[in-house]
Amino acid sequence: MIRGAFFGIDRYADPEIRDLSGAARDARGLWALFSDSVEGLDADLLVDGDATLEAVRDALDRTLGAATEEDVVLLGFAGHGTPDHRLVLADSRIDDLPATTLDMAELAKRFQASRARAVFLLLDCCFSGGAPARVVEGGLRMRDVGVPLGTVAGRGRVLLAASAPDEPALEDPRGRHGLLTGAVIEALAHSGSEVDVLTLVSDVTASVRAAADRLGYVQTPTMFGQVEGGLTLPPGRRGANYYSFFPELAPIKTDGDITGLEAFGIPAAVVGAWRARYPGGLNRLQVSAVNDHGVLAGASLLVVAPTSAGKTFIGELAAMRAVGEGRRAVFLLPYKALVNEKFEDFSAVYGGDAGLRVVRCSGDWQDQVGDVLRGKYDIAFFTYEKFLALSVGFPHLLHQIGLVVLDETQFLTDEGRGMSVELLLTQLLAMRRRGVSPQLVALSAVIGDTNRLECWLDCGLLATEERPVPLTQGVLGRSGDWRFCREDGTEGVEALLPWGAVVQRRQKPSSQDVIVPLLRSLVAKGEKVIVFRSARGPSAGCAQYLAAELGLPPATSVLAELPEGDGSSASSRLRETLEGGVAFHTTDLTRDERVAVERGFRSREGGVSVLVATSGVAAGINTPASTVVICETAFAGPKAKPYPVAQFRNMAGRAGRLGFEAEGKAIALAETGGERDALFRRYVEGSPEPMRSSFDERRPGTWVLRLLTQVGTVPRGAVVDLVANTYGGFLASLRDPGWRAGMAMRVEDLVERMVRDGLIDEEDGDLRLSMLGRACGESPLSLQSAIRLVEMLRRLDQAPSPEEMLALVEALPERDQAYTPQLRNGEQQWQSTASYRFGSDVSYLLRTRAESDKAYYARCKRALIVADWIAGVGIAEIEEGYSANGFVAVRPGDVRGFADGTRYLLDAVFRIAAIVMGSGPNAEEVDRLMARLELGLPTDALPLAELPVALDRGAVLALLRDGIASSEDVLAAGAERLGRLVGFVGRRLFDRLTAGSQPRDP
């Protein structure tokens, strides 16, 4: 008789023990393979929370303890080991490893006491360290590494350990097994006949060593013990048990029915949630992704489809399949607002009955970086830049990940954000050569031509222009005639407004003349309408006159959700427009205000029929409309550059609510008949721009610096290879076979300068970044900015304080690009104010390489505004104090934008400063300052921001002014006083603290 017990632990109860990805999969794979292959096998399977110390001991009693002289016992353990030869179980504790782990000495005694004819133990853990290794250090020292393993084995007792005692035991990110277990499963499954253990060990050792070499490590399986007459294992057969655990390996397809997705390994609780949300099942795009492109079989895929076509759910499908296999899925998004929206949505849908751990990292003070680095998550949401920074700084992060979903891939072409997207994709591709190959699902709105992006990514392509709700696009002139084109290509002209409806309302003709009658007509039909304006001011102004003209009932539910304190001019205007059933959505609103507006517009009973917004709403925020009105087709500002066709299409794509309309309409506005026809040709008939790289061949410095952070040591002549491996390098090489030679010369000159500047160390022709170079390369700073920062710091006699460093950040080129409202010749008064507030040395350095006095004054003004923001000065007071007049006004969006821009750079700036100056603020000081920039609060108010009920800035400042600065102060104040100060939220806070509840309300 063959008895068995297989243990695999990915999730550990102790938060300090790093979770794994493939250990439970190892145990399931071995149990299933032997169960399908050996008739009458009596085997236990204990994974994750079931594999406690007590349960493992009980299983060993049922196998080793109950075995007779005729029995063979097969055992497998996958999980963490400790340096002093203990097996870490699900309930082990890092503070008491000796009492909560299984000592190998105990296992040896059990082996010796068992009457079994033969025992074979597959031990896929390790007793030495390494980033992706299965080991828990726990502050313990190494002992004699050979004796404990040898003691377990002996005559009739064979132990196959994953690695030599001084090597790590690794997990394969492709096969999602431990290297040892994966090799054993493959060897048995392909054997076809009984396998001698010695032959098996020889084959497995060769496979494991080759796989470890691809990962950049050395791992050599080691066998102890022997069996008289030899020991053979049965041939492996993948059958019903195996495919129930690994359905992606079974030859199945979907017919679109949600229920059938369980066969792909998607958890039943998730499928249940989907049945309620998507009663119609999968659409054609999603079925094609599964059946034709293998997205549920681990295949990487680029999906190009219009807004609302269902591409986002393809990423969700792949994520749930990954989670069902014990892997982790990450979603990369362009904006913090999108990260927060998706985090809250997934937490609500998958964090309850499905029990999935959802985390987010977007640069906010609430980021769950610790959980990510320890693998304590199933699904994580990142902004592009945050993921890039973490994956470069902590490379083991990529070893944990089974799936990357890159949303809004068209940002690759963006002048500002494209570098981050391309660098993170370059890093993922480079890691493939080391065997780290998470599945990639890249999602993009409609683009003109993929420009071989799928070839560079080495993935499939699924492209369509089909929408579940057809979209009719056109241009409306002042005559009221709308020239349009339907989805099927048919064109026409329709009198959308009757003759005489367009009336000049001001001294000069304006878009208001058309917008008012057009919106009056649309809302009379019960439509939900988004009006896109090119800037914040026109958006709020448009919402105001529409609220006054349309006669809609007030959006009372949204008004009730708005925060009360720290009101700005935008807050007042929003309340005014909501009284007329209209809202606007711009960066001048707080996050709470924007969320309330979005919710009110999405809901049929939300009361917001018209939303006036800037183009940010087009980038993935969930606000579908019946009709979209696009008032301008050029960016605001002195250099009014026309919108790209892709941007126009993304805005137009917001039209057409699935389940509500038979079609969506996108209406662009034109002043004259000639302009109407020109816009029609460009935006309706024209094709979106092709995908392109943001790599600038003339300025490769920042690219080279960032690429060098993704490698260790590289030969000097191979630096150009890093550049050539980018998407930009890929396209350039296709375009010009001689490109590489010319780039090699430019890179050589650049490397020479970086060596002289102390950013690169060279030894025997090999290059690696210096400590300073790595700090610069891991930062979001350009090479130019990094060098300017170092230059400024070296001119100081002592390290600047954190507040002084906040000011110095404004002298960097990235911050000079921030629009700063000021008079035509600048506002000189801020120079003296900055000198008084930050000191003459800092004020002097703020002038570094300023292109004009006006630019210098703008730096001073931004620094002062940020200083006021973190000091807790009211937003209305900041607006009033820094606005030159009604036409040159500092708005709430400017204030928060300055703070966000500073916060984005600050962590890297502190790190560089600590290297240059030899000292700097500690991590706690940096964390506090980052939180203050995010929240706009002084240091003594931060405890209020961490209370179990989320308080907006106004509420926190109101409590602080009344002497309430901690949870103890809140309890002492009582519900009645809190209610007088901050309304209902104060009473809820008091109730939560009194009840002792810990989870934090959003």
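Two strands pair if DSSP finds at least two bridges between them. The structure in these exercises is a predicted model.

**Exercise 1. Place strand β7 in its sheet.**

Task: Find which strands pair with β7, and in which sense.

Solution.
Step 1. Take β11, residues 222–224. Strand β7 is joined to β11 by 3 bridges, and the two run antiparallel. With at least two bridges needed for pairing, β7 and β11 qualify.
Step 2. Fix the register on this side. Ala161 has Thr222 of β11 as its bridge partner.
Step 3. Take β6, residues 118–124. Here the pairing with β7 is parallel and spans 5 bridges. Leu122 is matched with Leu160 in β7.
Step 4. Widen the view. The open sheet has 6 strands, ordered β2-β1-β3-β6-β7-β11, with mixed pairing. At its edges stand β2 (42–47) and β11, each pairing on one side only. From one strand to the next the twist averages 10°.
Step 5. Check the β2 end. Strand β1 (residues 2–8) runs parallel to β2, with 6 bridges between them. Gly8 is opposite Val47 of β2.

**Exercise 2. Decide how enclosed β7 is.**

Task: State how many residues of β7 are buried, and what follows.

Solution.
Step 1. Recall the cut-off: buried means under 20% relative accessible area.
Step 2. Count over residues 157–161: 5 of the 5 are buried. The strand is therefore largely enclosed by the rest of the structure.
Step 3. Split by face. In a regular strand the side chains alternate between the two faces of the sheet. In β7, Arg157, Leu159 and Ala161 take one side, Val158 and Leu160 the other. Both faces are covered.
Step 4. Look for a helix over the sheet. Helix α4 (residues 104–113) lies across β3 (72–78), β6 and β7. Its direction is at about 160° to β6.

**Exercise 3. Describe the packing of α10 on α11.**

Task: Give the geometry of the helix pair, then its contact residues.

Solution.
Step 1. Choose the descriptors. Two packed helices are described by the angle between their axes and the distance between the axes.
Step 2. Read them off. The axes of α10 (residues 284–291) and α11 (residues 311–324) come within 9 Å and cross at roughly 35°. The crossing is right-handed.
Step 3. List the contact. From α10 come Leu285, Gln286, Ala289 and Val290; from α11 come Lys311, Phe313, Ile314 and Leu317.
Step 4. Sort these residues: 6 are nonpolar, 1 is polar and 1 is charged.
Step 5. Zoom in on Leu285, which lies in α10. Leu285 is buried, at 9% relative accessible area. Outside four places in sequence, its contacts include Val303, Leu462 and Thr464. Lys311 and Ile314 are also among them.

**Exercise 4. Trace the β24-α22-β25 unit.**

Task: Establish the pairing of β24 with β25 and the hand of the crossover.

Solution.
Step 1. Strand β24 (residues 582–585) and strand β25 (residues 610–613) run parallel, joined by 4 bridges. His585 stands opposite Ala613.
Step 2. Follow the chain from β24 through helix α22 (residues 591–602) to β25. This β-α-β crossover is right-handed.
Step 3. Check burial in β24. Val582 and Phe584 point one way, Ala583 and His585 the other, and all are buried.

**Exercise 5. Find the open edges of a three-strand sheet.**

Task: Which strands of the sheet β28-β30-β29 stand at the edges?

Solution.
Step 1. The sheet is open, has 3 strands in that order, and pairs antiparallel.
Step 2. β28 (714–715) and β29 (760–763) each have a single partner strand, so one side of each is left without a neighbour in the sheet.
Step 3. Check one pair. β29 and β30 (residues 766–769) share 4 bridges in the antiparallel sense. Glu762 is partnered by Leu767 in β30.

**Exercise 6. Classify two residues with positive phi.**

Task: Are Asp48 and Arg452 buried, partly exposed or exposed?

Solution.
Step 1. Asp48 has a phi of about 45° although it is not a glycine. It is in the loop between β2 and α2 (53–65).
Step 2. The relative accessible area of Asp48 is 17%, so Asp48 is buried.
Step 3. Arg452 has phi near 65°. Its loop runs between β18 (439–444) and α17 (453–457).
Step 4. The relative accessible area of Arg452 is 47%, so Arg452 is partly exposed.

Methods
Residues numbered from 1 in each chain as written. Predicted model: local features only at pLDDT ≥ 70, side-chain atom pairs only at ≥ 80, totals over all residues. Heavy atoms only, no water. Buried < 20%, exposed > 50% of the residue type's maximum accessible area, 1.4 Å probe, protein only. Axes fitted to C-alpha atoms, helices over the stretch in contact; angles between N-to-C directions. Left-handed = near helix turned anticlockwise from the far one by under 90°. Contact = heavy atoms within 4.5 Å. Nonpolar A, V, L, I, M, F, W, Y, C, P; charged D, E, K, R; others polar. Right-handed = clockwise from strand over helix to strand, strands pointing away.
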